[in-house]
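You asked for a few notes to get you started on this one. Have the structure open while you read, and take the points in whatever order suits you.

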Amino acid sequence: MVDITPEKVENVSPAEVPEADLYHAHSFWTKYVFCQDAKVIAIQYSGTAVVIGMVGLVLSWLMRLQLGVPETFSFISPESYLQFVTMHGMIMVIYLLTALFLGGFGNYLIQLMVGARDMVFPYVNMLSYWIYLLAVLILVASFFVPGGPTGAGWTLYPPQAILSGTPGGTGLGIILMLVSLAFFIIGFTMGGLNYVVTILQARTRGMTLMRMPLTIWGIFTATVLALLAFPALFVSAIMMTLDSVLGTSFFMPAIVEFGEQLSYGGGSPILFQHLFWFFGHPEVYIVALPAFGIVSDLLSVHARRHIFGYRMMVWAIVAIGALSFVVWAHHMYVSGMNPWFGFFFATTTLIIAVPTAIKVYNWTLTLWRGDIHLTIPMLFAIAFIITFVNGGITGLFLGNVIVDVPLSDTMFVVAHFHMVMGIAPILVVFGAIYHWFPLMTGRMLNDAMGRFHFWVTFIGAYLIYFPMHYLGFVGVPRRYWSMEDTNFIPDSAADLNAFITVAALIVGFAQLVFIYNILVSIFKGKPSERNPWKATSLEWQTETVPPGHGNFSKELPVVYRWAYSFSVPGTVDDYVPQNVHPNDVKLVEPEGS
Amino acid sequence: MTEVNVTDDRPSGMQGVIADWASDQRAFKGVPWGKAMMWIFLLSDTFIFSSFLVSYMTVRMSTPEAWPNASEVFALHMFGANIPLILIAIMTFILITSSGTMALAVNFGYRKNRKMTTLMLVLTAILGASFVGMQAFEWTKLIHEGVRPWGNPFGAEQFGATFFMITGFHGAHVSIGVLFLLIVARKVWRGDYEDDTERRGYFTSHKGSYNIVEETGLYWHFVDLVWVFIFAFFYLW
Ligand code: HEM
Ligand SMILES: [Cu+2]
């Protein structure tokens, strides 16, 4: 039995869109630069995110060099080390991952997968990108101002963030950081409104919410989280800028610095931490949920198996999204807040593990008795599950107050969040690029280079982060330029650090191979088939591949089923695209007829 | 053959709500894109103002110094007496009145009464502008009395900081609203939203619809609502 949609209800968008309602580019400038087509905007977003991400990568090499072979590089001073840490973290979390998942994948996939012609407000969407670019440029500018960028840590905790002891604290560094964040948020909001409204109000006929691919559910929920979480960061950025520029005391208590009483007094540093983590914890899910969604689709397509427990998956995404707003203070167990708070937040934190675990079970059960093709996207998807479970389990450690207190601010936390929000989502990003590259360019990425990239990245990531858990246990603190003669840390920690540095440089090199692969394949890659992975979702059913302007032919597709009709018994092909009418499904002729 | 099950009966009650939401094409039936966007934007903006107000309450509690007495600081010396909060009362009254004229504008818009819609929009804009003007007057007065973001003669320094920040942010919202009202008023007057126009609507790019008036109205009512909270928490407390 296939269910089909009820008759057309009133006030819905017509299947045929008059020419006049589409955006038309008239010149080179409006076609490739100030373009309002979401697909071009997606590529602009992704390109910018990758470029700034490379900066973040280089910064990580510099940090690793210092940790692996201390006292060797004269250009890495304690101050610049802190600046590298800070900028690395901020770039990776916000300017790379958030922008790539929502601005990049969001723009490209939403309108195609829900069967729309474009985002609902193309002009606002275009502005979103340009403001994002501005934010990136301001961020980059902070490297070149006197005093350099801020070294306050990506968490930017006051009071230290705006005091003279912190690199960039009294100069332009911190201010440019805050201004850049504010612009990022404004730009993001413009894009985010587009994503949400497009998904809610511009789906094609038959595309009910419960037929949307999980990719869209992930991006949708993440965008809602972002629209509600970024305001807290925005407000704290404004207040910290005022503290720094005007000398207000929102976050600044009375302080004596180098024997001198500063004019601050009466503010609340803890307030900043609450605001920051009210944003910060949802932020980790802003990055994780699109990855959850995309990986579900990758697993399903490449295992030729419907996603296990689709409804449960949707509700798990929504539940995680909602719960992520009530766990923020698990980042503040050592901040001196009331212990009852710790009790409350530990409880909510452990509860959020339930829907998360459901998702992991369902991914595994999707593979169960599937027809697993170990294509590169599939390899990355499986690697994601393993890595995410790993990071999730250390999360349970850190969620408990008494376990967290000794582990807080050690390398263990660094290992935890890199596993769970560094490596895991990045693996999905890679998998997704290998999966959708043929759609975006009409060419395949080179398979051999891809496999090399996968194995080096996957194994290498474990060589880097697994030992860090151990380093954390023995007490190696995070954000330290050098251990020197810290007598409670065994000497072997330094050897381990050197080992990690070697692994990190090798993994970094593999990323260059990946970038090379992309650049070469865009022009010289093997031409791909129309739907190389035999996927069912709408983005592969467009008129042309890569999809042209307006995405679909004159009529928008009509959707008859969910996106997971793989290995359907009795059909000729082993999959049925979402938009094939039930009467048009090619069936195997019954024997003897 | 695959059995095809076509259902057309819509469930009632809560089930119906869920079915409508989850049905195809539009979660909110009959809601234009621009209106949906405005609602979601306002939800996001609510979080901004909530963060501001929560921060204000926190620093008010964290500062060891006494908080200035709002009814004295915001009193005006008129007719030989200090009248507490008189200016704020007038400002609040004006803003709430402007919400009324805005609602009328929306109503006239849906009746396609071009002249009255324009008139009401302009009236709303004038009321909004006078609100901003009075706010400027209040700022000037306080600045003359020595209130600064980093300190003031009446007590805790956070008083000035939160005052300028929150009313400033709200005032910016009102000013943007006034600007938007004037733009929309001009477009209404020019007949951009009439049925026979060739011009395409603002934001929605649909012809012949006064939706944008309602969307501007949503924003305006929101800004008013926020003011009520600022008034209650900052001036009355
Ligand atoms: C079951 C799931 C999880 C639990 C119980 C959990 C718990 C925690 C706790 C308690 C901390 C604070 C550690 C400390 O600072 O002492 C932490 C840090 C962190 N977690 Fe998780 N986490 C979970 C999942 C995730 C996910 C899915 C992500 C991202 C996608 C993530 C990203 C982070 C980050 C970025 C930090 C470090 C922030 C910083 O201090 O700079 N976590 N986690
Ligand atoms: Cu968290």
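**Notes for a first look**

1. Let's begin at an odd spot: Ser567(A) sits in the segment after helix 14 of chain A. Its phi is near 45°, a positive value, and the residue is not a glycine. Most residues other than glycine have a negative phi. Ser567(A) counts as partly exposed because its relative accessible area is 39%, and the cut-offs for that class are 20% and 50%. Please keep in mind throughout that this is a predicted model.

2. Chain B has a residue of this kind too. Lys112(B) is not a glycine, yet its phi is positive, at about 60°. You'll find Lys112(B) in the loop between helix 4 (86-110) and helix 5 (114-144) of chain B. With a relative accessible area of 31%, Lys112(B) is partly exposed.

3. Next, two peptide bonds to check. Most peptide bonds are trans. The bond that joins Pro158(A) and Pro159(A) is cis, with omega about 0°. Pro159(A) belongs to the loop between helix 4 (122-141) and helix 5 of chain A. Another cis bond runs from Val545(A) to Pro546(A), where omega is near -5°; Pro546(A) is in the segment after helix 14 of chain A.

4. Stay in that segment for a moment, since Trp540(A) is placed in the segment after helix 14 (492-524) of chain A as well. Is Trp540(A) buried or exposed? It is buried, because its relative accessible area is 0% and buried means under 20%. Leaving aside neighbours within four places in sequence, Trp540(A) is in contact with several residues, including His435(A), Trp436(A), Pro438(A) and Leu439(A), and also Arg530(A) and Trp533(A). Trp436(A) is 104 residues away along the chain, but the C-alpha atoms of Trp540(A) and Trp436(A) are separated by 9.5 Å.

5. Now for the ligands. Which residues come nearest to ligand 1? Of the 22 residues around it, they are Trp154(A), Asp404(A), Ser408(A), His416(A) and Met421(A). Two of these have polar side-chain atoms worth a look: one in Asp404(A) lies 2.6 Å from an oxygen atom of ligand 1, and one in His416(A) lies 2.9 Å from a nitrogen atom of the ligand. Arg478(A) also takes part, with a side-chain N or O atom 2.9 Å from an oxygen atom of ligand 1.

6. Where does the shell around ligand 1 come from? Helix 7 (269-302), helix 10 (376-399) and helix 12 (411-441) of chain A are the elements that give two or more residues to it. Helix 10 of chain A gives the most, with six residues. By residue type, the shell divides into 12 nonpolar, eight polar and two charged.

7. Ligand 2 is a copper ion, and its protein donors are His281(A) through ND1, His330(A) through NE2 and His331(A) through NE2. These donors lie 1.8 to 2.0 Å from the copper ion, and their spacing in sequence is H-x48-H-H. The copper ion and the iron atom of ligand 1 are 4.5 Å apart.

8. The copper site links distant parts of the chain: His281(A) is in helix 7 of chain A, while His331(A), 50 residues apart from it, is in the loop between helix 8 (310-323) and helix 9 (339-367). Their accessibility is worth noting too. His281(A) counts as buried at 6% relative accessibility, whereas His331(A) is partly exposed at 28%.

9. One more loop in chain A: Arg211(A) is found between helix 5 (172-201) and helix 6 (214-245). Arg211(A) counts as buried, at 7% relative accessibility. A polar atom of the Arg211(A) side chain lies 3.3 Å from the backbone oxygen of Val559(A).

10. Last, the overall form of chain B. Chain B has seven helices and three strands, in the order β-α-α-α-β-β-α-α-α-α along the sequence. Its radius of gyration is 23 Å, where a compact globule of 237 residues would be near 18 Å. Along the principal axes, the C-alpha atoms of chain B fill a box of roughly 85 × 45 × 25 Å. Of the 237 residues of chain B, 50% count as buried. Among chain B contacts with a separation of 6 or more, 68% are between residues 24 or more positions apart.

Technical notes
Residues are numbered from 1 along each chain as its sequence is written. Chains are lettered from A and ligands numbered from 1 in the order in which they are written. This is a predicted model: local features need pLDDT of at least 70, side-chain atom pairs count only at pLDDT 80 or more; totals for chains, interfaces and linings use all residues. Side-chain values use heavy atoms; hydrogens and water are left out. A residue is near a molecule or strand if one of its heavy atoms lies within 4 Å of it. A polar contact is a pair of N or O atoms within 3.5 Å; within protein, one must be able to donate a hydrogen and the other to accept it, and residues adjacent in sequence count only if both atoms are side-chain atoms. Helices (H or I, at least four residues) and strands (E, at least two) are DSSP runs, numbered from the N terminus. Ala, Val, Leu, Ile, Met, Phe, Trp, Tyr, Cys and Pro count as nonpolar, Asp, Glu, Lys and Arg as charged, and the others, Gly among them, as polar. Donors are N, O and S atoms within 2.8 Å of the metal (3.2 Å for Na, K and Ca); water is not among the atoms, so sites may look incomplete. Buried means under 20% relative accessible area, exposed over 50%, partly exposed in between (1.4 Å probe, protein chains only). Contact means heavy atoms within 4.5 Å. The radius of gyration is taken over C-alpha atoms; the globule rule is 2.2 Å times the number of residues to the power 0.38.
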